[in-house]
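Reader: Please take me slowly through one part of this structure, the aromatic side chains and their surroundings. I am in my first year, so I would like each step of the reasoning spelled out.

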Amino acid sequence: MVNFGKKLMAEQVEEWKEYYINYKLMKKKVKQYVQQNRTNGKDRQQVLKEFSRILDDEIEKVVLFILEQQGQLASRIQELESQRAAVLETTDISQMSKLRESYREVGRDLLKLLRFVELNATGIRKILKKFDKQFGYKFTDYYVSTRSNHPYSLLQQVFKQVGIGAVVGALSRNLAFLQDREGSYLSIYDHPTAIVKDPVIGQINASVNKLTHSTNFLEFLGQHALIVPEDATIQGTTEDHAGDETYHFMSLLLNLANTFLYMVNTYIIVPTADDYSVSLGAAATVCGVIIGSMAVAQVFSSVYFSAWSNKSYFRPLVFSSIVLFMGNLLYALAYDLNSLTVLLFGRLLCGLGSARAVNRRYISDCVPLKIRLQASAGFVSASALGMACGPALAGILQVKFKIYSLTVNQNTLPGWIMAVSWLLYLIWLWISFKEPARDNTGDCDDASQNNSTSHHGDNSDMENGLNQPLLLDKKERNDEDIEECDDSEEGSNDSRRPANSIGEAYRLLTPSVKAQLLIYFMLKYAMEILLSESSVITNYYFKWSTSTVAIFLAILGLTVLPVNAIVGSYITRLFEDRQILLGSEILVLIGILLSFKVTSYYSVPQYITSALITFVAAEVLEGVNLSLLSRVMSSRLAQGTFNGGLLSTEAGTLARVVADGTITLAGYLGQSLLLNVTLLPSLFICIASIIATVCTFNSLY
């Protein structure tokens, strides 16, 4: 891994070298401050003030040069505009080709400027991280919050580059126009090698997409799953350990099938859980415990499956299938045994079989870079489809008969069907799964291979380099850690090694990360309250049948993919993630407020409207929340057993446990109070999460 300082020197444009940030100087300053702090305890505020001034000067130098170059490019485009008017009056193909080449030359210079911006932005980010690590300060939060939101912000010019958009737009429009115009005179028979699409336009668009940190639908789905993929355009590098030799399509399909079946298993009992509890002599609201017992077990299973996936993928999936088969078998038998204990034990076993951590890990570790985006999207799609199919299946399983002494009805049939499904899955798994080879070649290499959410690649080519995102993602954080492995003066084992316990992971949580985990807890709590008590609430107020509840829940589940498509393809291009985050939280709050029963009459339109607002807003919030979480968390939480994915899973699972427990406890107050009592905690947690977002808003980059 090339040291960034050397990379900066090697890739800078010679005639622009005086305008790049002085990364070497700032590194020396950091070391100097560390030595002074050790010897004479230099005042912290003085250090912050001095280093802020140095960084301000360096950024100002970079920004003024960017503005100067933008002006020159704009002037050149303006000159070409006057030439274009004259050329278009003729049908001289050679003149038009010459003009088009002039525009391309401007485009190549624009690409060079974009690369200049990318290198400087990377240097700024790295030096901020280095300062934080050496001093233990949260200097980055302070510096970004004070500089980025100022009306005369220089930092925004580097990281957002709104001003350069006009140059990009003018150049792309003229190139596309000339290409279309030239195409009207050219014949494919006379010019069989004619380029259909100008490559400069594609390179500029790819670069600008990264500069504005825009994202597409697949990337958004990957972030939703907290499988944060690298840029899909950077392929075939030697650093991509998840190569074709470790990839096995059927194994990937088995992981996606496991995800789908588990989500079906989770939600197939929701429409009938209240009726099942009543048939066993318990209150209808005990459905909260029945549904939540699976989540309770998942709190523990997530940890051991995450650790187990460090050594194998096949064995945990086999164990998961066997445990889920047994759990569903007990769930179905509980009716004839007339035992609520057996039913709850069956659901606990189902929770102990949750292998979602293994499914995520397999995609991020074993799927080649070129299709990892699609695999990540497949993970979310399988989850969403399972969430919709579970209640839908429950709605059509309205039968009642006996096979010998075994009762098959709407309560037990979900257990029988899922038991058979997991048995068939186990056979398929045993026959078709291929355990990928593992290569352990040292600590720094392990850091990339064991990363549960990303691999890395590096390409020194200018155009590929421009495809690297300017804002820090987990791939880049991992690259920085590996770079530090090669720097004996700066690297340390403690700064690189993953967290080895929940306590150690907790100590790595910054206020921004804690805020994101609180938001994740809130949205999972609100969704669980909505889904788990739906059968009780709708039966009490509207007398809905099991089939009606099942259809309602299935429709909610089917909104996941269309909503993610809209957000991932359009909304993320118009707003920053942190703005979408805050807006989604406010919508969840509105949905919760609309759900309260404040009059003597509670209508179906009010319930459906409030449920849709809450559920859809929470779905949007989940994707953006996990995207931001992947950016703000420490690189040490991007690898190992106690990684960011595990922490978010634990936060969400705990939220479900608390929500289901709340439903059961609130049931003792009577079904007439159930709705409002269970919504009150959702309301307070949502308000707290909005406050946390506002307090950490400036650090969410």
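**A close look at the aromatic rings**

Author: Tyr276 counts as buried, because its relative accessibility is 0% and the cut-off for buried is under 20%. Please keep in mind throughout that this is a predicted model. Tyr335 has a relative accessibility of 24% and therefore counts as partly exposed, since that class lies between the buried limit of under 20% and the exposed limit of over 50%.

A search of the whole structure finds 31 aromatic pairs. In one of them, the ring centres of Tyr276 and Tyr335 are 6.1 Å apart and the ring planes stand at 50°, so this pair is tilted. The pair links distant parts of the chain, because Tyr276 belongs to helix H11 (residues 273-279) while Tyr335 belongs to helix H13 (residues 314-337), and the two tyrosines are 59 residues apart. The rings of Phe305 and Trp308, with centres 6.2 Å apart and planes at 20°, make a pair that is stacked, because planes under 30 degrees apart are counted that way. Phe305 and Trp308 both lie in helix H12 (residues 287-308), and since they are 3 residues apart there, about one helical turn separates them. In this second pair Phe305 is buried, with a relative accessible area of 0%, whereas Trp308 is partly exposed, with a relative accessible area of 27%.

Aromatic residues also gather in a group, for Tyr540, Tyr541, Phe542, Trp544, Phe552, Tyr602 and Tyr607 form one aromatic cluster. Lys543 lies in the loop between helix H24 (534-542) and helix H25 (546-558). Lys543 counts as exposed because its relative accessibility is 65%, and its phi is positive, about 60°, although the residue is not a glycine. Most residues other than glycine have a negative phi. Asn338 is another residue other than glycine with a positive phi, near 50°, and it lies in the loop between H13 and helix H14 (340-352). With a relative accessible area of 52%, Asn338 is exposed, because the limit for that class is over 50%.

Two tryptophans complete this part of the tour. The ring of Trp16 has the charged end of Lys112 sitting over it, 5.3 Å from the ring centre. Trp430, found in helix H17 (residues 413-432), counts as exposed because its relative accessibility is 58%. Together with Val420, Leu423, Leu424, Ile427 and Ile431, Trp430 forms a nonpolar patch on the surface, and the accessible area of these residues together is about 660 Å².

For a contrast with that surface patch, consider helix H15 (residues 356-366), where 10 of the 11 residues are buried, so that the helix is largely enclosed by the rest of the structure. An aromatic residue, Tyr362, is among the buried residues of H15, and charged ones such as Arg356, Arg360, Arg361 and Asp365 are also included in that list.

Note on methods:
Residues numbered from 1 in each chain as written. Predicted model: local features only at pLDDT ≥ 70, side-chain atom pairs only at ≥ 80, totals over all residues. Heavy atoms only, no water. Phe/Tyr/Trp six-rings, centres within 6.5 Å; stacked < 30°, edge-to-face > 60°. Helix = DSSP H or I, 4+ residues; strand = E, 2+ residues; numbered from the N terminus. Buried < 20%, exposed > 50% of the residue type's maximum accessible area, 1.4 Å probe, protein only. Lys NZ or Arg CZ within 6 Å of the ring centre and 35° of its normal. Patch = residues over 30% accessible without salt bridge, like charges linked within 9 Å, V, L, I, M, F, W, Y side chains within 5 Å. Areas by Shrake-Rupley, 256 points an atom, 1.4 Å probe, with all protein chains shown as cover. Salt bridge = Lys/Arg side-chain N within 4 Å of Asp/Glu carboxyl O.
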